[in-house]
Amino acid sequence: MKKIYLTFFTVATAITSVFAQTVPTCSLNPTFIASNKIGVWPDSATQFVSGTVGVPYEQNITVKVPYDTTSSGITFCFNRFVLYTPSGVTNFNLPPGLMLGSSVAAVNTPTAGIYWFKGNSNSCASIYGTPTVAGSYTLSLAVDAYGTPFSTCSSAPSGGAKLSGQTLNYYIINIAPAVGVQELGNDRMSLSQNFPNPASLTTDIAFYVEGQDDATVTVYNMLGDVAATQTIQTMVGENKVTINTAELAAGTYMYTLKYKGATATKRMIVLNH
């Protein structure tokens, strides 16, 4: 349990115009929780998913906070980890349009933009929103760990003294430019953002083609499993398929249009029903 608390809180931030500024419901990664690892998932080697301008973004983060640590021969119980934006940095240097938040009650935010994660607990957070500017963004996260001597351990997250502090500057989010019209020989194709998005009951996925042929729209969850698929015979101009999102679990999904050997992909969010 030593200094892993510094690495672990790295990602506590890592996780994107959010619709009505609603923080998405985050979830714990069961594989990471069941492991003997302490810290955050994804880790720095795995990094966060990339995004595209104008396409809703969400990165789920799982945080495992240890119970104690030993420093200079003294054992301390963790009260909390505090995550905040370093001086001189705006919004953790997240891509414009993205923000950090958590839907979990165990994450206390006594001050706007400052996040508390209780010791000896599992929690989660999200980076979410809709990116507006393409580029590669290196996040900057200030992390402080607070604790009390082992003999006076307390579950109150507001107690304890600052044990350490660090600024983390190695998590990267890449944002690609908006996807435009694809040329398919004498044909063209473009895929629109689904509407509504986020969706709870149904959502429409519209696309434009300049030919008549089979087109398949497939929805995938973040593990790559097929959640829904539809194939239609296109007409010249705008076409549309309707996805029953009431049958899907809440979370982030990718949807792909396949037409005449070409593909286009966008991201959508499904809310709790």
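A disulfide is a pair of cysteine sulfur atoms within 2.5 Å. By this criterion the structure, a predicted model, holds one disulfide.

**Figure 1. The disulfide between C26 and C124.** The sulfur atoms of C26 and C124 lie 2.0 Å apart. C26 belongs to the loop between α1 and α2 (30-34), while C124 belongs to strand β9 (residues 121-129), so the bond ties together parts that are 98 residues apart in sequence. The torsion about the S-S bond is about 70°, which means that the disulfide is right-handed. Both ends of the bond can be checked against the 20% limit for buried residues. C26 is buried because its relative accessible area is 9%. C124 is buried as well, because its relative accessibility is 2%.

**Figure 2. The open sheet of β2, β13 and β10.** Three strands make up this sheet, in the order β2-β13-β10, and their pairing is mixed. β2 (51-52) and β10 (135-138) are the edge strands; each has a single partner strand, so one side of each is left without a neighbour in the sheet. Strand β13 (residues 172-176) runs parallel to β2, and two bridges join them. On the β2 side, G51 stands opposite I175 of β13. In general, strands of a sheet pair through backbone hydrogen bonds, either parallel or antiparallel.

**Figure 3. Surroundings of T234.** T234 sits in the loop between β18 and β19 (237-244). T234 counts as buried because its relative accessibility is 3%, and buried means under 20%. The T234 side chain reaches the backbone oxygen of G211 at a distance of 2.9 Å. Leaving aside residues up to four places away in sequence, T234 touches F207, V209, G211, Q212, D213, A215, N239 and Y259. G211 thus appears both as the partner of the T234 side chain and in the list of residues that T234 touches.

**Figure 4. Surroundings of I269.** I269 is part of strand β21 (residues 262-270). With a relative accessibility of 9%, I269 counts as buried. When residues up to four places away in sequence are not counted, I269 touches P56, E58, N197, P198, A199, G251 and T252. M254 is 15 residues from I269 along the chain, and the C-alpha atoms of the two residues are separated by 8.7 Å.

**Figure 5. Confidence along the chain, with a view of residues 1-20.** The protein chain has an average pLDDT of 80, and 84% of the residues score at least 70. Among the elements of the chain, helix α1 (residues 4-10) has the lowest mean pLDDT, 37, and strand β18 (residues 226-233) has the highest, 94. Over residues 1-20 the pLDDT stays under 50. For this stretch the model has 85 contacts beyond four places in sequence.

**Figure 6. The whole chain, for reference to the close-ups.** Two helices and 21 strands are assigned in the protein chain. Of its 273 residues, 45% count as buried; among the buried residues are C26, C124, T234 and I269. The chain exposes about 12,600 Å², and carbon and sulfur atoms supply 53% of this area.

Conventions:
Residues are numbered from 1 along each chain as its sequence is written. Side-chain values use heavy atoms; hydrogens and water are left out. Two strands pair if DSSP finds at least two bridges between them. Helices (H or I, at least four residues) and strands (E, at least two) are DSSP runs, numbered from the N terminus. Buried means under 20% relative accessible area, exposed over 50%, partly exposed in between (1.4 Å probe, protein chains only). Contact means heavy atoms within 4.5 Å. pLDDT is the predictor's confidence in each residue, from 0 to 100. A polar contact is a pair of N or O atoms within 3.5 Å; within protein, one must be able to donate a hydrogen and the other to accept it, and residues adjacent in sequence count only if both atoms are side-chain atoms. Accessible areas come from the Shrake-Rupley method with a 1.4 Å probe; for residues, only the protein chains shown count as cover.
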